[in-house]
Amino acid sequence: MKTLHLKASVPGDLETAAQILRRGGTAAIPTETVYGLAANALDPQAVAKIFEAKGRPQDNPLIVHVSSFEEIAPLISGTDERLKLLADNFWPGPLTVIMKKSDKIPAAVSAGLDTVAIRMPSHPAAREIIRLCGCPLAAPSANTSGKPSPTDAERVIEDMEGRIDAVVDGGPCGVGVESTVITLAADVPTILRPGGVTPSQLEAVLGRVEISHAVFENLRKGESAQSPGMKYKHYAPNAKVTLIKSDFATFERYVKAQKKPVCAVCFDGEGKNFETAVEYGAENDKAEQARRIFEALREVDETGCEEAFVRSPEPEGIGLAVYNRLLRAAAFRELKLDFGIPVYGLTGQTGSGKGEVGRILTERGFCVIDTDALAREVIAYDRVLAELKEMFGGDIESGGVINRALIAERAFSSPGNTARLNSVMHPEITLLAAERIHLAEQEGKKAAFIDAPVLFETALPVICKKIICVTAPADIRTKRIMARDGISESEARLRMSAQKSEEEYTVKSDYIINNSGGIYETEKAVDEIIREESL
Ligand code: TXA
Ligand code: MG
């Protein structure tokens with residue numbers, strides 16, 4: 001199929017686009033939010049072409065676009081005072097309203113639901129095309145399903161060239177994130193997707209408005225989506241994305257502590273501090289962040305980095321929409337490094353007795369986070385297990401039982417495999433550790449200690465105020481390991497030789513606890529640190 005390149009500014013081009021649409025074809029059109037991939041909403045065959053071109057799952061319904069309020073009545077069943085209120089206040093504009101549908105709406109558009117999503121865009125070209133067509137237009141964002149939405153015609157062409165009949169270039173989109181989706185089909189009007197119209201603007205008109213929890217978190221297991229689009233991975237570049245909530249200094253240190261090249265996605269003026277960076281607007285300009293975020297996500301892949309860390313935006317006003325899109329792009333991975341209590345690292349060679357120090361700290365009322373225990377938790381996550389199976393073979397799990405010994409055997413068979421295991425596990429352990437620290441903070445703990453034998457091989461030192469290293473002479477450690485794990489002296493020595501030397505631990509640590517004496521000496525050393533740190 002040849003894709004016709006049209007321009008909103010060229011006389012006659014809008015009529016050409018309308019003609020294509022009237023005849024059952026597809027055309028990407030500019031709107032004030034993002035580009036839409038349009039077809040006649042009342043023609044099931046035309047609508048089928050949208051799903052085909054986007055690779056969109058059939059159960060994800062489409063928004064129906066109109067150019068005047070009068071066009072809506074035949075599309076919905078019944079009337080609703082609130083629809084008129086919303087229309088008067090926000091239409092034409094970036095708001096989509098879900099209502100009970102009429103029989104005129106084909107099942108393909110509503111994906112079998114008994115509701116329909118209606119929107120009246122404000123972009124003059126979009127309005128003119130709908131008017132010229134004389135029919136409502138179904139139009140999802142004009143991206144390949146799952147990718148960031150396109151905010152200019154070039155990005156549409158990148159995804160859709162040869163797959164649709166025409167693209168109408170109307171310049172860059174003014175809003176940049178998709179419309180706010182609100183349903184009036186629920187008891188209380190509920191925002192299913194934040195967008196250009198903010199929750200407080202809606203509350204000012206409707207009174208009480210709820211925000212679906214799916215805006216902030218993954219659907220719970222077995223839960224069906226209020227809005228089917230919320231269940232898919234979305235807006236994502238190919239690179240793995242993680243959001244970081246922190247000040248810039250912490251963000252910078254965390255990104256630089258990564259062991260491989262990564263892309264920093266940050267605010268204007270911050271990019272120069274990194275080898276590879278993409279900026280997405282000034283820190284305090286949420287409207288600009290909205291305009292630029294999708295383009296920034298597409299640029300991430302052009303850097304060639306396999307991983308990106310994004311500065312979390314403030315989720316206020318239209319910033320909530322930016323935050324929601326980024327959360328989705330990150331598969332809800334957000335690392336919140338804005339701790340209100342000090343965090344300490346606790347490390348040392350195997351058999352040094354870190355565990356003992358941890359127990360003392362727990363007794364003193366501090367939060368101690370055992371990363372070995374966290375590893376056992378994260379390995380059972382669906383997303384982690386899926387990645388590990390790809391790396392080490394599907395047989396690492398059978399009948400719901402994870403074979404840790406087999407994972408360890410395969411992962412430790414070569415340094416390359418060990419690194420691959422770590423690249424999956426360490427970020428997840430860090431995410432969970434951060435969650436636990438925030439929990440400790442809520443519980444009123446004064447400090448958190450992260451017990452990690454491989455602390456220095458991860459990015460965890462970045463979040464640690466100070467690092468405590470526990471040491472003990474080799475012969476004592478050997479005996480402890482033999483007793484603890486029931487193994488022979490040669491096996492114990494083999495394990496110890498696989499670790500870094502004592503000096504490699506101590507030079508990077510702020511405190512060293514020599515744990516070769518009795519428990520009393522160790523307790524004294526711990527209490528000394530507590531005093532020193534005024535904890
Ligand atoms: O700004 C926008 O809304 C853009 C422009 C092109 O108008 N369109 C857009 O469409 O973002 P799309 O298909 O990418 O997103 C539509 C969202 C999806 O999450 C879909 O599941 C939801 O709206 N949706 C559509 N109809 C629905 C319905 N009847 N009930 C619940 N959710 C619905
Ligand atoms: Mg979309």
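**Reading a domain interface and a sheet**

Mentor: Welcome! In this predicted model, domain 1 and domain 2 together bury about 1700 Å², and carbon and sulfur atoms account for 52% of it.

Trainee: How should I read an area like that?

Mentor: The size of an interface is often given as the accessible area lost when the parts come together. Here, Pro148, Arg155 and Val177 supply 33% of what domain 1 buries against domain 2, more than any other three residues.

Trainee: Where do the domains lie along the chain?

Mentor: The domain assignment places domain 1 at 4–215, domain 2 at 240–336 and domain 3 at 343–532. The centres of domain 1 and domain 2 are 28 Å apart, taken over C-alpha atoms. Their contact draws 27 residues from domain 1 and 19 residues from domain 2.

Trainee: How many salt bridges cross the interface of domain 1 and domain 2?

Mentor: The rule finds 5. As for a salt bridge to look up, try the side chains of Arg325 and Glu178, at 2.8 Å from N to O. Helix H6 (residues 153–160) gives the largest share of the domain 1 side that touches domain 2, 3 residues.

Trainee: Now the sheet. In which order do its strands run?

Mentor: Its 5 strands follow the order S14-S13-S15-S12-S16, with parallel pairing, in an open sheet. Strands S14 (277–279) and S16 (334–336) are at the edges with a single partner strand each, so one side of each has no neighbour in the sheet. From one strand to the next, the twist averages 20 degrees.

Trainee: Which helix packs on the sheet?

Mentor: Helix H15 (residues 415–442) does, touching S12 and S16, and its direction makes about 45 degrees with that of S16.

Note on methods: Residues numbered from 1 in each chain as written. Chains lettered and ligands numbered in written order. Predicted model: local features only at pLDDT ≥ 70, side-chain atom pairs only at ≥ 80, totals over all residues. Heavy atoms only, no water. Pairing = 2+ DSSP bridges. Helix = DSSP H or I, 4+ residues; strand = E, 2+ residues; numbered from the N terminus. Axes fitted to C-alpha atoms, helices over the stretch in contact; angles between N-to-C directions. Contact = heavy atoms within 4.5 Å. Domains from an automatic or database assignment. Buried area = accessible area lost by both parts, 1.4 Å probe. Salt bridge = Lys/Arg side-chain N within 4 Å of Asp/Glu carboxyl O.
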